[in-house]
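Let's take a walk through a protein chain and stop at a few spots worth a closer look. Keep the 3D view open as you read.

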Amino acid sequence: MRILVVDDEYFSRKALVQIVQDWNPQAHVYEAEDGQEAIEQLHNVNPHLVLSDIRMPILDGIGLAAYIHEHHEDTINIIISGYDDFKYAQQAIRYKVEHYLLKPVDKEHIWSLLKQYSHQTELSSEKRMEESFAALLYEGTTNKLDPVDMDDIGGYAIAILRVNADYKEPVKQLIKKTLSACSLRFVTIVDRRYSDMLLVWMYELNPGSAAGAAVNQEGLNHIIRDVLHMGECQICVGISGVHTDIKELTACYKEAKSALLYRLTSGGHRIYDAEYAAMNRPFNYGAIDEWISGLYHKLVKYQTKEAVETLSHFFANVVGPTLSVNVLHDMCAKVTTMLNSVIELTNARSDTAEAYLEQIDLHEVDVTQDISDEFIQVMIRLGERLAQNRAKTDMIEDIQYYVQHHYQQDIMLEDLAKTMYYTDPTYLSRLFKKKTGMRFSQFLLSVRMHNAKAMLENDTSLSISEVSSAVGFNDYSYFIQMYKKCFGETPGKYKSSNHSNKPTDC
């Protein structure tokens, strides 16, 4: 608690200072000889409470009270005067002076008031720090933070405790009790986005110490043990590293959130720190793209069971302590994008529209099995819709639609016959020629050529080689040859006029 004693009489001032120090040797006591000097101290140290005389040179106690009332409305003002004058008392009341005491004062009375206002100040300071922390974190502003408090922050870290929403108030009280016993300065708020997350901002830490020691893991472990005795409450903790620049508060918060996500892949742990999250966990990102591409082709080829088995195998055998949560996040995002492309396909073939999927927020997931189950449910539903649409769609029309949307792939009619339609390839080839008037290979070439021409016309920055690869050609020379055969000119001499996108026989 910061207390300012204002009195022009030296011995009276020192007596009051001694009374305060006798009450609490840890209190920060400041002195001023008159109201003007007190105003400077108000600006420099922002005291919680002012003990002031009335009659002083330059600026008296009433003038000081008026200034405090206007500029420091949260500061408690107590006047201690040798003048029992009703006029002074009236003026003091006007400026919200809490008490008007007459000298000589009883120290027991002063102690009683200090104890009362100490508790009030503690609650007020705690509330202000909570508001300041939230403003810093979510709005990036320090306007609500006391400059004196800013000086006290020093090194800081953030711990995020994920608990059942119904238990957050008991857990907040447990945090206060445990961390106070560890002599840590801290502020606790509920995350604005995730109601089951408690953010604990711990400051006045030693910047040179290791993150785990600085945030006192023993205290956090004690909290976890007590929470687990609450019944159905579950808890895990993510801890940031120690930072010293207040501008890094958002980065500090993200560190703790990232560490907390390892609860999804590292079973058996309760506390995850920034050092654990930063461990190198190499992974072949190309394998994810191949895996998701395989999922997609199984779905659109009506192999829903195989697609579900492939996804289940990944979650059962790949998702674990050696997998980075960044890879897990990217994988979920790519699966969601892939499923949305299948939804787009089913919507184009149906009168009823399926809603597109939102990206999964891993912080809202309890276990990875929930992610797997959600994806599987969507895949089964889409598989059923694809099968229903297939029954209503002419087989040749279905093949044409497939080619128009997958011409970049290596498509062979023999594969389609065996894996999608379970029919004889020769029969399917004759049926395709009969219904379209062209061979399947001609149709595929036509679709690729018209898409190549559209790409060249719409994006002049693309090279011929890039276009060739984008439409499914592995042989650059063969692409140029086929392009000239279709359009009578090489790709480099295309015309910028509009052309129909309807596939034709080249």
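## How sure is the model?

Over which residues does the pLDDT stay under 50, with 9 contacts beyond four places in sequence? That would be residues 495-502. Keep in mind that you're looking at a predicted model, so the confidence score deserves a glance before anything else.

Across the chain, the pLDDT averages 85, and 91% of the residues score at least 70. Residues 210-214 are another stretch to treat with care: the pLDDT there is below 50. Beyond near neighbours in sequence, the model gives residues 210-214 8 contacts.

## Backbone oddities

Now zoom in on the backbone. K103 and P104 are joined by a cis peptide bond, with omega at about -5°. To find P104, look in the loop that runs between β5 (99-102) and α5 (107-139).

Two more residues catch the eye for their phi angles. I58 has a phi near 65°, which is positive even though I58 isn't a glycine. You'll spot I58 in the loop between β3 (49-52) and α3 (61-71). Is I58 buried or exposed? With a relative accessible area of 69%, I58 is exposed, because the cut-off for that label is over 50%.

K96 is the other one: its phi is positive too, at about 60°, and K96 is not a glycine either. K96 sits in the loop between α4 (86-94) and β5. Its relative accessible area is 58%, so K96 also counts as exposed.

## A salt bridge between two loops

Time for side chains. How many salt bridges does the count come to? The count is 13, and we'll visit a few of them.

Start with K103, which you've already met at the cis peptide bond. The side chain of K103 meets that of D53 in a salt bridge, at 3.9 Å from N to O. This pair links distant parts of the chain, 50 residues apart: K103 is in the loop between β5 and α5, while D53 is in the loop between β3 and α3. That D53 loop is also where I58 is found.

The two partners differ in how much of them is accessible. K103 is partly exposed, at 29% relative accessible area, whereas D53 has 5% and counts as buried, because buried means under 20%. There's a third member as well: D7, D53 and K103 are linked in a network of salt bridges.

## Two more bridges further along

Next, hop to R381 and E354. Their side chains form a salt bridge with an N to O distance of 2.7 Å. R381 lies in helix α15 (residues 368-392) and E354 in the loop between α14 (325-348) and α15, so this pair ties together parts that are 27 residues apart in sequence. R381 is partly exposed at 35% relative accessibility, and E354 is buried at 14%.

Last stop: E489 and K453, whose side chains meet in a salt bridge at 3.7 Å, N to O. Where do you find the two partners? K453 is in helix α19 (residues 440-458) and E489 is in the segment after α21 (476-487), so the pair ties together parts that are 36 residues apart in sequence. Here both E489 and K453 are buried.

Key:
Residues numbered from 1 in each chain as written. Predicted model: local features only at pLDDT ≥ 70, side-chain atom pairs only at ≥ 80, totals over all residues. Heavy atoms only, no water. pLDDT = per-residue confidence, 0-100. Contact = heavy atoms within 4.5 Å. Helix = DSSP H or I, 4+ residues; strand = E, 2+ residues; numbered from the N terminus. Buried < 20%, exposed > 50% of the residue type's maximum accessible area, 1.4 Å probe, protein only. Salt bridge = Lys/Arg side-chain N within 4 Å of Asp/Glu carboxyl O.
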